Amino acid sequence: QTIQEIKEKMEQGLLPQWILTDPSIYEREQEKIFARTWQFLAHDSELPEPGSYVTRWIVDDPILVVRTNDGEIKAFLNSCPHRGTMLCTADFGKKKSFLCPYHGWSFNLNGDLIGVVAGDKVYGEEMKKDDWGLRPIAQVAAYQGMIFATLDPDASSLEEYLGGMKWYLDILLGRSGGMEVRGLPQRWVVNTNWKLVLENFSGDPYHVQSTHRSTVELGISPKDPLYAGYGHQVVLENGHGINVITAQGQGRPERPPYQGLPEEMWPLFESNLSKEQLRVFAKTTVFVGSIYPTLSFNSPVHGSEGHLHNYLNFRVWRPLGPDKIEIWSWFMIDKAAPDDYKEDAYKGYISSFGPSGTLEQDDTEIWTRVAQTSKGYMARNKVLSYNNLLNYLMGFERVLPDENFPGPGIAYPTCYLDAIHRATHEHWLELISRD
Ligand code: FES
Ligand code: FE
């Protein structure tokens, strides 16, 4: 009944506010969404050699990601199959084998149990070591160096899941022959809900002119309140979406092509991308979007004319509860970029995003308050009258797709639009309604 009511409201461009932080909805999401979709674990460059490993999370499941001696990437539950303690407690490193701190069982890079302390004496010669290896994650796959996993053995392939998003990931990650992660992902906890932050990155360039008003006041962003809206908002399958922002409104000087990346890199773009991809890339200032459900990205341009730099920020919104997330944020840059360019781009990232970033703090404050205001009696009142409904009506049944946009997906000729939000929440409803 409730699902049917939510559906009816969503078809009218409205979202019941209580669904953001409702504990029973969260329980459903864990089973129906997080356990059955593809989740980002690591970038290839974080595991440079055989024996390299990182420890990550898929919501509440600890995951050990390892590069084997054959160069393959494997992922296991980071929990010893003897009594379940966490096997590896470091964030990253390089090892030949993993030794459990509890009773000293050890495992090789393929997850096989290779050592049991006093094994033949306490378990007998007949102990079947083959049965007690690390528990593998159901499916692991990579696209453009991005390593994903799903806990669902029956989930469709990663490539099928990403669908049209691959075309845009080729631009973001494959344009110059590969990206590299700098340092470790930054991590911090924010009291908000994952759906809310996901939608902010998926399709909310509209908030920039207001939430990040200080950048306009400092002269970093243009005064035109529509500036973050120029470009295309693209709705993709499976809840994914991207905004291809040109920021090229009236009176704005023409920006250099390819997000201001150094001219010596342009031939690489031309050899790695199709004509259509180059056309979109050349005109774009910012790419911002999400791969459903918990991975978002932002590829902005910082600096002043003549000294612009671009980077790629990927972030996982790891749910910790209905009103708590742990943000994991990776700084990535083209391997082929000059060293001083990488350094400047990194400074641009650190001062804008991550725990020390000014823009990040603007957003965090707002996100926390939406979660706070979604838990009260009025917002939780499931009568579904207007006192608990939020407005997702921007461009509703009014803005039509631009058939001439060269990339995949349904592309609308503005980024000030709730099209991705509506599609994402509809996808959410479909997932939590399934058996
Ligand atoms: Fe790992 Fe006992 S829990 S060896
Ligand atoms: Fe923001």
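**Helix H5, the cores and the ring pairs**

Me: In H5 of this predicted model, Met-165, Trp-167, Tyr-168, Leu-169, Asp-170, Ile-171, Leu-172, Leu-173 and Gly-174 are buried. What makes helix H5 largely enclosed by the rest of the structure?

Reply: Helix H5 covers residues 165-174, and 9 of its 10 residues are buried, so the helix is largely enclosed. Two of its residues, Tyr-168 and Leu-169, are also among those with the most contacts inside the largest nonpolar core.

Me: Nice link! Which other residues have the most contacts inside that core, and how many residues does the core have?

Reply: The core has 94 residues, and the list also includes Leu-173, Ile-242, Phe-314, Met-332 and Trp-428.

Me: Why is this core said to lie between domain 1 and domain 2?

Reply: Domain 1 (39-154) and domain 2 (163-433) both give residues to the core, so the core lies between them. There is also a second, separate core of 15 residues, which includes Tyr-53, Val-66, Cys-80 and Phe-107.

Me: What does Ile-242 touch, leaving out residues up to four places away in sequence?

Reply: Among its partners are Met-165 and Tyr-168, along with His-232, Phe-287, Phe-297 and Ile-420. Met-165 and Tyr-168 are both buried residues of H5, which ties Ile-242 to that helix through contacts.

Me: Where do the two domains stand relative to each other, going by their C-alpha centres?

Reply: Those centres lie 33 Å apart. The contact takes 17 residues from domain 1 and 22 residues from domain 2.

Me: Why is the pair of Phe-331 and Tyr-349 called tilted?

Reply: Their ring centres are 5.5 Å apart, which is within the 6.5 Å needed for a pair. The planes meet at 45°, neither under 30 degrees (stacked) nor over 60 (edge-to-face), so the pair counts as tilted.

Me: What makes this pair a link between distant parts of the chain?

Reply: Phe-331 sits in strand E20 (residues 324-334) and Tyr-349 in helix H11 (residues 339-352), with their positions 18 residues apart.

Me: How do you know whether Phe-331, Tyr-349 and Tyr-346 are buried, partly exposed or exposed?

Reply: Set each value against the cut-offs: buried is under 20% relative accessible area and exposed is over 50%. Phe-331 has 2%, so it is buried. Tyr-349 has 1%, so it is buried too. Tyr-346 has 23%, which falls in between, so it is partly exposed.

Me: Why are Tyr-346 and Tyr-349 said to be separated by about one helical turn?

Reply: They are 3 residues apart in helix H11, and that is about one turn. In general, an α-helix has 3.6 residues a turn, so residues three or four places apart point the same way. The two rings also form a tilted pair, with 6.3 Å centre to centre and 35° between the planes.

Me: How many aromatic pairs does the whole structure have?

Reply: The search finds 24. Ring pairs also join Phe-40, Phe-148, Phe-297, Phe-314, Trp-328 and Trp-330 into a cluster. Phe-314 appears again among the residues with the most contacts in the largest core.

Me: Why is the protein called as compact as a globular protein of its length?

Reply: Its radius of gyration is 23 Å, close to the 22 Å that the globule rule gives for 435 residues, so the description fits. The protein has 14 helices and 22 strands, and buried residues make up 57% of the 435.

Definitions and conventions:
Residues are numbered from 1 along each chain as its sequence is written. Chains are lettered from A and ligands numbered from 1 in the order in which they are written. This is a predicted model: local features need pLDDT of at least 70, side-chain atom pairs count only at pLDDT 80 or more; totals for chains, interfaces and linings use all residues. Side-chain values use heavy atoms; hydrogens and water are left out. A nonpolar core is a set of buried Ala, Val, Leu, Ile, Met, Phe, Trp, Tyr and Cys residues joined through side-chain atoms within 4.5 Å. Buried means under 20% relative accessible area, exposed over 50%, partly exposed in between (1.4 Å probe, protein chains only). Domain bounds come from an automatic or database domain assignment. Contact means heavy atoms within 4.5 Å. Helices (H or I, at least four residues) and strands (E, at least two) are DSSP runs, numbered from the N terminus. The radius of gyration is taken over C-alpha atoms; the globule rule is 2.2 Å times the number of residues to the power 0.38. Rings of Phe, Tyr and Trp (its six-membered ring) pair if their centres lie within 6.5 Å; planes under 30 degrees apart count as stacked, over 60 as edge-to-face and the rest as tilted.
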